[in-house]
Amino acid sequence: MNLSIRSSLVFAGVSAAIGLCAGAAVALAAGVADAGQLWRELPAAARQTAPAETLPDFVSLAATLGPTVVNIATLQSDSGSSADNDSAGGGNDNDDDEGQGGEPLDPFDVPRGRSLGSGFVINPAGYILTNDHVVENGRDIIVTTKDGEQYKAVVVGRDAKTDIALLHIDAGRQLPVAPLGDSNQVRVGEWVMAIGDPFGFDHTVTAGIVSAKGRFIPGNYDDFIQTDASINPGNSGGPLIDTRGEVIGVNSAIFTRTGASMGIGFAVPVNLVKEELGQLKESGRVVRGWLGVYVQQVTPAIAESMGLGQPRGALVAEVLSNGPAKGSGLERGDVIIAFDAQPIDDSRELPLIVGRAPLGHQAVVDVIRNRQPRELKVMISASQGEEIASVSRNTHQRAVPMGLTVKDLNPRLAHDLGLSDSKGVVVFSVEPGSSADDAGLKARDIILEVNRQAVSNVAAYLHALRARGTGKVVLLLVKRDNNTVFVPLEPEG
């Protein structure tokens with residue numbers, strides 16, 4: 001009796017479930033019918049589906065490009081100068097990578113070899129591309145090809161700005177070559193492959209996609225290609241390869257908190273490299289056009305304080321006395337919005353554009369000065385080592401009091417600070433948590449201007465502050481060491 005009751009309950013439950021499923025199936029069928037009707041009503045162009053894509057043939061790519069990749073080692077006598085103590089076998093982007101400095105020297109200061117990174121052959125006569133940081137401190141450079149042959153290399157040319165070096169080996173034979181592609185045609189999301197010697201594991205192949213383009217790393221000249229292909233110490237100087245089997249970038253750096261890959265790697269675009277190869281081979285270095293200014297980002301706060309409609313362009317923080325911009329009429333406080341009709345949306349774009357300008361070229365520079373557009377002409381000359389630098393300051397403004405205590409800059413204090421001019425206001429202290437503190441102001445900074453008005457003493461400084469009105473950003477021009485920079489401060493309240 002109990003058994004039959006139990007069985008009926010089970011079947012009842014199943015029946016109920018089947019009934020629910022049947023009801024759901026009817027509703028689903030109706031939904032599918034409606035969806036089909038909607039699909040038929042779409043225009044023909046909208047109904048086209050993307051073709052199915054398959055994975056690239058990484059096997060063939062590795063087989064073809066692998067022999068073009070080489071290992072690069074060096075003999076060093078400076079234990080603190082190893083290029084492999086951060087980043088992707090070098091570079092300057094890994095501040096947290098403690099404990100990866102150069103290896104200690106053998107007894108009696110005998111230099112020892114160590115693997116630094118990778119490179120790849122671009123000419124069958126033995127010309128090899130790699131990173132500058134891979135070879136910058138090498139006394140003797142040893143190149144090992146995939147077949148195990150070793151050759152002593154000479155540095156043909158180097159450029160620290162783009163982190164590129166051109167080497168040459170005399171192999172006595174024609175070497176396989178990695179073809180250079182077109183990095184301008186690279187699209188975000190497309191497959192790429194990296195080959196290199198991470199941690200000394202030679203000819204390691206990794207794959208991923210292009211994560212982003214136009215990435216800027218402070219202190220570098222490049223607009224990097226970002227990839228999630230695994231790149232580790234030792235990969236530096238190796239090729240980043242597209243699915244056509246062409247090199248689109250030179251692996252240069254990684255973002256890491258551990259010393260190993262975190263899925264964010266950077267490669268120098270190959271088109272930028274191709275622009276330099278002629279100079280590197282002929283003269284051993286790259287000579288670029290020079291404007292002779294320090295520039296900084298136009299933040300929203302700076303744009304508001306200067307009456308700009310939107311934060312764009314490059315704000316001139318200083319015009320160097322020996323640069324071509326000095327005689328062109330370009331002034332501190334000008335916002336450069338175009339160079340030879342090329343818009344400047346980000347200040348970091350300006351060094352790349354100016355650097356590519358021919359020497360002796362008269363460039364047309366469009367600026368905004370005192371809210372009015374102006375057109376200036378500048379004769380581009382060769383850099384004298386003071387190339388355009390971006391003076392960036394990471395400001396986190398908050399609506400709190402400015403928090404600045406200042407005093408007059410007297411001659412004795414100016415002498416102590418190494419200044420030739422005693423006009424201005426020196427920061428005595430900065431209140432913790434204030435907008436001045438958040439903006440990065442420090443004791444001993446010199447305030448030269450308030451809202452584009454020169455201030456020679458505390459009285460003039462206070463007058464300029466009162467004249468700004470309430471609820472407005474205060475724009476300070478600050479001198480620290482040998483640099484000047486505009487610093488926006490949020491108003492009180």
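Visitor: Leaving aside neighbours within four places in sequence, which residues is L465 in contact with?
Guide: A heads-up: this is a predicted model, so local features need pLDDT (the predictor's per-residue confidence, 0 to 100) of at least 70 and side-chain atom pairs pLDDT 80 or more, while totals for chains, interfaces and linings use all residues. Residues are numbered from 1 along each chain as its sequence is written, and side-chain values use heavy atoms, leaving out hydrogens and water. Contact means heavy atoms within 4.5 Å. With those nearby neighbours set aside, L465 touches M402, V450 and V474.

Visitor: Where in the fold does L465 sit, and is L465 buried or exposed?
Guide: L465 belongs to helix α9, with helices (H or I, at least four residues) and strands (E, at least two) being DSSP runs numbered from the N terminus. The cut-offs are under 20% relative accessible area for buried, over 50% for exposed and partly exposed in between, using a 1.4 Å probe and protein chains only. At 11%, L465 therefore counts as buried.

Visitor: How far apart are the C-alpha atoms of L465 and V450?
Guide: Along the chain, the two are 15 residues apart. In space, their C-alpha separation is 7.0 Å.

Visitor: Which element gives the most to the largest nonpolar core?
Guide: Such a core is a set of buried Ala, Val, Leu, Ile, Met, Phe, Trp, Tyr and Cys residues joined through side-chain atoms within 4.5 Å. This one has 28 residues, and F120, I122, L129, I164, L166, V268 and V273 touch the most other members. Several elements supply at least two residues each, among them β2 (112-123), β12 (265-269) and α4 (270-283). The top contributor, with five residues, is α4.

Visitor: Which residues beyond four places in sequence does L129 contact?
Guide: L129 is one of the core residues that touch the most other members. Its partners are G119, F120, I122, I164, A165, L166, G237, V273 and L277.

Visitor: Where is confidence highest and where is it lowest?
Guide: The protein averages a pLDDT of 76, and 72% of the residues score at least 70. The high end is β3, with a mean of 96, while the low end, at 38, is strand β21.

Visitor: How many contacts beyond four places in sequence does the model have for residues 77-113?
Guide: Residues 1-32 stay under 50 in pLDDT and have zero such contacts. Residues 77-113 also stay under 50, but there the count is 87.
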